[in-house]
Each structure stands twice: as C-alpha cells, then as structure tokens.
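Work through the exercises below with the sequence and the 3D view at hand. Each task is followed by a solution in steps.

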Amino acid sequence: MSVAIVSGASAGIGLATARLFLDHEDTVVNISRRPCPESDVVNIKLDLGISNLETKIPTALDNALDNAANGPIHLIHNASKLVKDEATDTTADDLLDVLRVNVIAPNTLNRWIIPRMKAGSSIIFVGSTLSEKAVAGSFSYVTSKHAQIGMMRALCQDMVGSDIHTAAICPGFTDTEMLRTHLPPDVLASIAQQNSFSRLIQPTEIAEAVYWATQNSVINGSVIHANLGQIES
C-alpha cells in the first residue's frame, strides 16, 4: 500500500486523482483550503499561498505520514493558481502571489517529504499546455508552469540513485472548476474544438495519466502532454 499526497484534491483533477488512488486501496492525503468530499481522504486544511508555509508543513503532515504504511509515497503537485495578467504590468507582489502556490509551495513540500520517501516513491507535477508554450494574458501562470518543469527536471538530476522518480503531466483544456471560473461558456465551446477529438478533457483522464506516471519510473524526468492532440494555430 502506498500513500498519495495530493495538493488541491478538493475538486477537479485533484479530486479525480484522489478517487483513483482510493480505488487502488491506497492512503490519500489532501492538502487544500477545502476538504475533499471523499470521506476516506485525510484532509489537511492549509493555504499553500501563505508566506510562512515552511513553519506549517511539519505540524500538518507529521501525523499523516507517521500513520502511513511502509510503502512508497507519491507526492502530486496539483494545486494551482491562475490569474489573468500581462508581462507589461504585473507587479512583483502579484507575481509572487502566484509563485507561492505554483512554485514555492511545491518546493516546500518536496523539502519536507522527500527525506521520508522510500524506494518506489514519485513526485508528479500537474502542469499545463502552458508549461512549454505561452499565450497572451496569462503571464504569471505561464511563468510558474515553466518553472515547475525546471523544478521537476532538476529534482530528477539531484535525486539520482534514490529510486524516486519525477514527471510532469501537462493537461490540455480540462473540464474543471478552475477552467469554468475563468472562461465564459462561449469560449469554453470554442476551445473544446481545439484538439483532434473536439471535446474538453475529463479530469478522470488526467488522473489516470497521473496514476500511471507514479507507477512507471522509466519516465523519470519526462514531460507528458495529455491534451488529446491539441491543434496549434
């Protein structure tokens, strides 16, 4: 039995991922401001955007990890913050607000959890189509998602010999609460046509890719685009 620590498992891809690990009879820990609706999930209420996250992690995770089985730990960095902004007018503080959730929090979790990981463990980042490309109006998100890829690849190199592997799953347009919050219905209908299957991706499809990545160390350091064959314009 393994332990899956999923940030942002209260909805969307994180929730679908939590459910999949539960289906495999693993222990699941959700780190989020909101609880996961699955009763079997251990919830750690924590705002990953706070400036003193480093001091909160030990207390929050000690009990969850101390009571965990002796198997591998799979750390899944899923929580993410998206705002609409542009490179020409984003202040340092506004950029830092996004980086705290998307980059600094994963680093903080890594530093605390990696020493507790056994052989067969993994660190998986849920990236984005914008992890390796850019569009206008998403400056801080694009910047942070590119940074996650660098972090994932650096971890791969720094953990050589540990039997812990890393990977990034980069979804295309996925039917999640975050996407629907930021895009009006007419735009959603339009972007659903921007892949070779002409539909939005389902969170369960990304969860299956994430789970597969945790089980296959051969992809160590890899970026996998899960976007239904996105059509580039």
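**Exercise 1.** In which helix is the place of Cys156? Decide also whether Cys156 counts as buried or exposed.

Solution. The model is predicted, so to speak of local features a pLDDT of at least 70 is needed and side-chain atom pairs count only at pLDDT 80 or more, while totals for chains, interfaces and linings use all residues. Residues are numbered from 1 along each chain as its sequence is written, and side-chain values use heavy atoms, with hydrogens and water left out.

Step 1: Cys156 sits in helix H4, residues 139–158. Helices (H or I, at least four residues) and strands (E, at least two) are DSSP runs, numbered from the N terminus.

Step 2: buried means under 20% relative accessible area, exposed over 50%, and partly exposed in between (1.4 Å probe, protein chains only). Cys156 has 10% relative accessibility, so Cys156 counts as buried.

Step 3: from Cys156 to Ile191, 35 residues apart in sequence, the C-alpha to C-alpha distance is 33 Å.

**Exercise 2.** Find the strands that pair with S4, and state how covered S4 is.

Solution. Step 1: two strands pair if DSSP finds at least two bridges between them. Strand S1 (residues 3–7) pairs with S4 in the parallel sense over 4 bridges, and Val6 stands opposite Ile76 there.

Step 2: strand S5 (residues 122–126) also pairs with S4 in the parallel sense, over 4 bridges. In that pairing Leu75 has Ile123 as its bridge partner.

Step 3: 5 of the 5 residues of S4 are buried. In a regular strand the side chains alternate between the two faces of the sheet. From S4, Ile73, Leu75 and His77 point one way and His74 and Ile76 the other, and all are buried.

Step 4: go on from S1 to S2. S1 and S2 pair in the parallel sense over 5 bridges, with Asn30 in S2 as the bridge partner of Val6. Strand S2 (residues 27–32) is largely enclosed by the rest of the structure, because 5 of its 6 residues are buried.

**Exercise 3.** How many salt bridges are there? Describe three of the pairs.

Solution. Step 1: a salt bridge is a side-chain nitrogen of Lys or Arg within 4 Å of a carboxyl oxygen of Asp or Glu. By this rule the count is 4.

Step 2: one of them joins Glu54 and Arg111 at 2.5 Å, N to O. Glu54 is in helix H2 (residues 53–66) and Arg111 in helix H3, so the pair ties together parts 57 residues apart in sequence. Glu54 is partly exposed, at 41%.

Step 3: Glu132 and Arg153 meet at 3.3 Å, N to O. This pair links distant parts of the chain, with Glu132 in the loop between S5 and H4 and Arg153 in helix H4, 21 residues apart. Glu132 is partly exposed at 40% relative accessibility, and Arg153 is partly exposed at 41%.

Step 4: Arg199 forms a salt bridge with Glu205, with the closest N and O atoms 2.8 Å apart. Arg199 has 31% relative accessibility and counts as partly exposed; Glu205, at 28%, is also partly exposed.

**Exercise 4.** Where does Gly172 lie, and is Gly172 buried or exposed?

Solution. Step 1: Gly172 is in the loop between strand S6 (165–171) and helix H5 (177–182).

Step 2: Gly172 counts as buried because its relative accessibility is 11%.
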